[in-house]
Amino acid sequence: APTGWKVNSTKNVYTNDLIELYEDTLELGVGEKKIYVRGLRRNYSTIVPFVSANQILVIKSYRHIVDSVQIEAPSGYIEKGESPEYAAIRELKEETGYTAKKIVSIGSYTLDYTMFEQRGNVFVAYDLIKEGEQSLGKMEKIELAILTINEIKQLLFESKILNAASIVALYKAIDYHQRSFA
(Lines give C-alpha, C1' and ligand atoms only; values in the text may rest on other atoms or scores of the structure.)
Protein backbone atom coordinates (compact mmCIF):
# COMPACT_ATOMS: atom_id res chain seq x y z
CA ALA A 1 0.00 0.00 0.00
CA PRO A 2 1.11 3.59 -0.42
CA THR A 3 3.04 5.14 2.47
CA GLY A 4 0.65 6.18 5.23
CA TRP A 5 -2.25 3.99 4.10
CA LYS A 6 -3.51 1.30 6.43
CA VAL A 7 -6.62 -0.73 7.18
CA ASN A 8 -8.01 0.29 10.57
CA SER A 9 -10.87 -2.23 10.61
CA THR A 10 -12.78 -4.71 8.50
CA LYS A 11 -16.46 -5.51 9.02
CA ASN A 12 -18.38 -8.33 7.33
CA VAL A 13 -21.76 -6.85 6.34
CA TYR A 14 -23.24 -9.76 4.36
CA THR A 15 -22.39 -13.39 3.59
CA ASN A 16 -24.02 -16.22 1.66
CA ASP A 17 -22.78 -19.19 -0.35
CA LEU A 18 -21.79 -17.05 -3.35
CA ILE A 19 -20.55 -13.75 -1.95
CA GLU A 20 -19.13 -12.03 1.13
CA LEU A 21 -19.37 -8.23 1.45
CA TYR A 22 -17.03 -6.20 3.65
CA GLU A 23 -16.58 -2.59 4.72
CA ASP A 24 -12.94 -1.69 5.32
CA THR A 25 -12.15 1.49 7.22
CA LEU A 26 -8.98 2.82 5.62
CA GLU A 27 -6.64 5.50 6.86
CA LEU A 28 -5.21 7.36 3.88
CA GLY A 29 -2.64 9.38 5.80
CA VAL A 30 -2.84 12.67 7.68
CA GLY A 31 -6.09 11.69 9.41
CA GLU A 32 -8.04 11.12 6.20
CA LYS A 33 -10.38 8.09 6.39
CA LYS A 34 -12.43 6.21 3.83
CA ILE A 35 -15.02 3.42 4.01
CA TYR A 36 -14.16 0.99 1.21
CA VAL A 37 -16.77 -1.60 0.20
CA ARG A 38 -15.43 -4.81 -1.30
CA GLY A 39 -16.75 -8.22 -2.15
CA LEU A 40 -15.26 -11.68 -2.16
CA ARG A 41 -16.84 -13.98 -4.75
CA ARG A 42 -16.13 -17.63 -5.43
CA ASN A 43 -13.60 -18.32 -8.18
CA TYR A 44 -14.83 -19.99 -11.36
CA SER A 45 -13.69 -21.79 -14.49
CA THR A 46 -14.77 -21.26 -18.09
CA ILE A 47 -14.06 -23.79 -20.84
CA VAL A 48 -14.17 -23.28 -24.60
CA PRO A 49 -14.78 -26.63 -26.36
CA PHE A 50 -13.54 -26.90 -29.94
CA VAL A 51 -15.61 -29.31 -32.04
CA SER A 52 -13.28 -29.00 -35.03
CA ALA A 53 -10.49 -26.76 -36.31
CA ASN A 54 -13.06 -24.06 -37.05
CA GLN A 55 -16.04 -24.74 -34.77
CA ILE A 56 -16.82 -24.17 -31.09
CA LEU A 57 -19.57 -25.71 -29.00
CA VAL A 58 -21.39 -22.92 -27.14
CA ILE A 59 -24.36 -22.83 -24.84
CA LYS A 60 -27.49 -20.73 -25.18
CA SER A 61 -28.41 -20.04 -21.60
CA TYR A 62 -31.44 -18.22 -20.21
CA ARG A 63 -30.27 -15.49 -17.81
CA HIS A 64 -32.82 -14.17 -15.32
CA ILE A 65 -31.17 -10.78 -14.70
CA VAL A 66 -31.30 -9.78 -18.39
CA ASP A 67 -34.43 -11.91 -19.09
CA SER A 68 -32.98 -13.31 -22.28
CA VAL A 69 -31.10 -16.22 -23.78
CA GLN A 70 -27.37 -15.52 -24.04
CA ILE A 71 -24.59 -17.22 -26.00
CA GLU A 72 -21.84 -18.28 -23.61
CA ALA A 73 -19.02 -20.72 -23.03
CA PRO A 74 -19.67 -23.38 -20.35
CA SER A 75 -18.67 -21.92 -16.98
CA GLY A 76 -19.26 -22.29 -13.29
CA TYR A 77 -18.03 -21.83 -9.75
CA ILE A 78 -15.22 -23.92 -8.34
CA GLU A 79 -16.63 -26.10 -5.57
CA LYS A 80 -14.79 -26.54 -2.28
CA GLY A 81 -11.88 -28.96 -2.76
CA GLU A 82 -11.96 -28.77 -6.58
CA SER A 83 -9.12 -27.60 -8.78
CA PRO A 84 -9.92 -25.02 -11.47
CA GLU A 85 -9.34 -27.71 -14.13
CA TYR A 86 -11.68 -30.20 -12.47
CA ALA A 87 -14.38 -27.50 -12.24
CA ALA A 88 -14.00 -26.78 -15.97
CA ILE A 89 -14.32 -30.48 -16.83
CA ARG A 90 -17.36 -30.84 -14.54
CA GLU A 91 -19.07 -27.77 -16.01
CA LEU A 92 -18.43 -28.99 -19.56
CA LYS A 93 -20.08 -32.31 -18.74
CA GLU A 94 -22.99 -30.85 -16.75
CA GLU A 95 -23.86 -28.10 -19.23
CA THR A 96 -23.25 -29.97 -22.49
CA GLY A 97 -23.08 -33.72 -21.81
CA TYR A 98 -19.57 -33.77 -23.34
CA THR A 99 -16.15 -34.65 -21.99
CA ALA A 100 -12.83 -33.98 -23.71
CA LYS A 101 -9.67 -36.00 -24.25
CA LYS A 102 -7.51 -32.87 -24.09
CA ILE A 103 -7.93 -29.92 -21.71
CA VAL A 104 -5.46 -27.01 -21.75
CA SER A 105 -5.26 -24.18 -19.20
CA ILE A 106 -4.75 -20.88 -21.05
CA GLY A 107 -4.65 -18.48 -18.12
CA SER A 108 -6.64 -16.67 -15.51
CA TYR A 109 -7.83 -13.12 -14.86
CA THR A 110 -9.91 -10.98 -12.54
CA LEU A 111 -13.07 -9.23 -13.71
CA ASP A 112 -13.02 -6.26 -11.33
CA TYR A 113 -10.19 -5.91 -8.84
CA THR A 114 -11.42 -2.45 -7.81
CA MET A 115 -14.30 -3.94 -5.85
CA PHE A 116 -14.30 -7.75 -6.05
CA GLU A 117 -11.79 -10.46 -5.23
CA GLN A 118 -12.49 -13.27 -7.70
CA ARG A 119 -10.44 -15.21 -10.23
CA GLY A 120 -11.67 -16.59 -13.53
CA ASN A 121 -9.76 -19.53 -15.02
CA VAL A 122 -9.86 -20.25 -18.74
CA PHE A 123 -9.49 -23.62 -20.46
CA VAL A 124 -9.83 -24.99 -23.98
CA ALA A 125 -11.09 -28.47 -24.74
CA TYR A 126 -10.33 -30.67 -27.73
CA ASP A 127 -11.38 -34.13 -28.93
CA LEU A 128 -14.88 -33.98 -27.47
CA ILE A 129 -16.81 -37.13 -26.58
CA LYS A 130 -20.59 -37.15 -26.05
CA GLU A 131 -20.91 -38.98 -22.74
CA GLY A 132 -24.52 -38.43 -21.84
CA GLU A 133 -27.22 -35.89 -21.27
CA GLN A 134 -26.89 -32.52 -19.64
CA SER A 135 -27.16 -32.42 -15.84
CA LEU A 136 -28.59 -28.96 -15.25
CA GLY A 137 -29.43 -27.13 -12.04
CA LYS A 138 -32.81 -25.56 -11.24
CA MET A 139 -31.80 -22.16 -12.66
CA GLU A 140 -30.14 -23.57 -15.80
CA LYS A 141 -32.09 -23.58 -19.05
CA ILE A 142 -29.44 -24.41 -21.64
CA GLU A 143 -29.46 -25.40 -25.31
CA LEU A 144 -26.35 -26.29 -27.32
CA ALA A 145 -25.14 -24.71 -30.55
CA ILE A 146 -22.10 -25.08 -32.75
CA LEU A 147 -20.71 -21.86 -34.21
CA THR A 148 -17.73 -21.18 -36.41
CA ILE A 149 -14.85 -19.10 -35.13
CA ASN A 150 -15.82 -16.36 -37.60
CA GLU A 151 -19.43 -16.39 -36.37
CA ILE A 152 -18.23 -16.02 -32.78
CA LYS A 153 -15.82 -13.22 -33.74
CA GLN A 154 -18.72 -11.39 -35.43
CA LEU A 155 -20.96 -11.80 -32.36
CA LEU A 156 -18.15 -10.50 -30.14
CA PHE A 157 -17.51 -7.55 -32.47
CA GLU A 158 -21.23 -6.69 -32.52
CA SER A 159 -21.43 -6.93 -28.68
CA LYS A 160 -23.98 -9.73 -28.92
CA ILE A 161 -22.16 -11.84 -26.35
CA LEU A 162 -22.68 -10.04 -23.04
CA ASN A 163 -21.21 -12.34 -20.39
CA ALA A 164 -17.76 -11.00 -19.47
CA ALA A 165 -16.38 -14.45 -18.54
CA SER A 166 -17.42 -15.77 -21.96
CA ILE A 167 -16.02 -12.73 -23.78
CA VAL A 168 -12.62 -13.13 -22.12
CA ALA A 169 -12.61 -16.92 -22.56
CA LEU A 170 -13.65 -16.84 -26.23
CA TYR A 171 -11.08 -14.19 -27.19
CA LYS A 172 -8.30 -16.01 -25.30
CA ALA A 173 -9.31 -19.44 -26.64
CA ILE A 174 -9.55 -18.31 -30.26
CA ASP A 175 -6.17 -16.59 -29.96
CA TYR A 176 -4.60 -19.70 -28.37
CA HIS A 177 -6.19 -22.01 -30.95
CA GLN A 178 -5.12 -19.93 -33.95
CA ARG A 179 -1.56 -19.52 -32.64
CA SER A 180 -1.25 -23.23 -31.80
CA PHE A 181 -2.74 -24.64 -34.98
CA ALA A 182 -1.99 -21.99 -37.61
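The following legends describe close-up views of a predicted model.

**View 1. The largest pocket and the residues that line it.** The largest pocket of the predicted model has a volume of about 1200 Å³. Its lining comprises 35 residues, of which R41, R63, I65, Y77 and N163 are the closest to the centre of the pocket. Two or more lining residues come from each of the elements β5 (55-63), β6 (68-72), β7 (75-77), α1 (84-96) and α3 (164-181). Among these contributors, α1 gives the most, with four residues. By residue class, the lining of the largest pocket divides into 15 nonpolar, seven polar and 13 charged residues.

**View 2. The antiparallel pairing of β2 with β3.** Strand β2 (residues 19-28) and strand β3 (residues 33-41) are paired in the antiparallel sense, and nine bridges join them. One of the residues to follow in this view is D24, whose bridge partner in β3 is Y36. The hairpin of β2 and β3 has four residues between the strands. In this hairpin G29 takes a positive phi near 95°.

**View 3. The parallel pairing of β3 with β9, and the salt bridge between R38 and E117.** Strand β3 is also joined to strand β9 (residues 116-117), here by two bridges and in the parallel sense. L40 has E117 of β9 as its bridge partner. The side chain of E117 is further engaged in a salt bridge with R38, in which the closest N and O atoms are 2.9 Å apart. This salt bridge links distant parts of the chain, since R38 belongs to strand β3 and E117 to strand β9, 79 residues apart. R38 has a relative accessibility of 18% and therefore counts as buried, the cut-off being under 20%. E117, with a relative accessible area of 40%, is partly exposed.

**View 4. The salt bridge between E131 and K93.** The closest N and O atoms of E131 and K93 lie 3.2 Å apart in this salt bridge. The two residues come from distant parts of the chain: E131 is in the loop between β10 (120-130) and β11 (142-148), whereas K93 is in helix α1, 38 residues apart. E131 is partly exposed, with a relative accessible area of 48%. K93 likewise counts as partly exposed, at 39% relative accessibility.

**View 5. A salt bridge within helix α3.** The side chains of D175 and R179 form a salt bridge with an N to O distance of 2.8 Å. Both residues lie in helix α3 and are four residues apart, about one turn of the helix. D175 is partly exposed, having a relative accessible area of 36%. R179 has a relative accessible area of 67%, which is over the 50% cut-off, and so R179 is exposed.

**View 6. A network of salt bridges.** In this view, E82, R90, E91 and E94 are linked to one another in a network of salt bridges. For the model as a whole, the count comes to 11 salt bridges.

**View 7. The aromatic cluster of F50, Y126 and F181.** The model contains three aromatic pairs. The rings of F50 and Y126 have their centres 5.3 Å apart and their planes at 15°; the angle is under 30 degrees, so the pair is stacked. This pair links distant parts of the chain, with F50 in the loop between β4 (44-49) and β5, and Y126 in strand β10, 76 residues apart. F50 counts as buried at 2% relative accessibility, and Y126 is also buried, with a relative accessible area of 9%. The rings of Y126 and F181 have their centres 5.4 Å apart and their planes at 65°; this angle is over 60 degrees, so the pair is edge-to-face. Because Y126 lies in strand β10 and F181 in helix α3, the pair ties together parts that are 55 residues apart in sequence. F181 counts as partly exposed, at 47% relative accessibility. Through these ring pairs, F50, Y126 and F181 are linked into a cluster.

Conventions:
Residues numbered from 1 in each chain as written. Predicted model: local features only at pLDDT ≥ 70, side-chain atom pairs only at ≥ 80, totals over all residues. Heavy atoms only, no water. 1 Å grid on protein atoms, 1.4 Å probe; cavity = no way out; pocket = protein on both sides within 12 Å on 5 of 7 lines; lining within 4 Å. Points joined across faces, edges and corners; volume = space filled by probe spheres on them. Nonpolar A, V, L, I, M, F, W, Y, C, P; charged D, E, K, R; others polar. Pairing = 2+ DSSP bridges. Salt bridge = Lys/Arg side-chain N within 4 Å of Asp/Glu carboxyl O. Buried < 20%, exposed > 50% of the residue type's maximum accessible area, 1.4 Å probe, protein only. Phe/Tyr/Trp six-rings, centres within 6.5 Å; stacked < 30°, edge-to-face > 60°.
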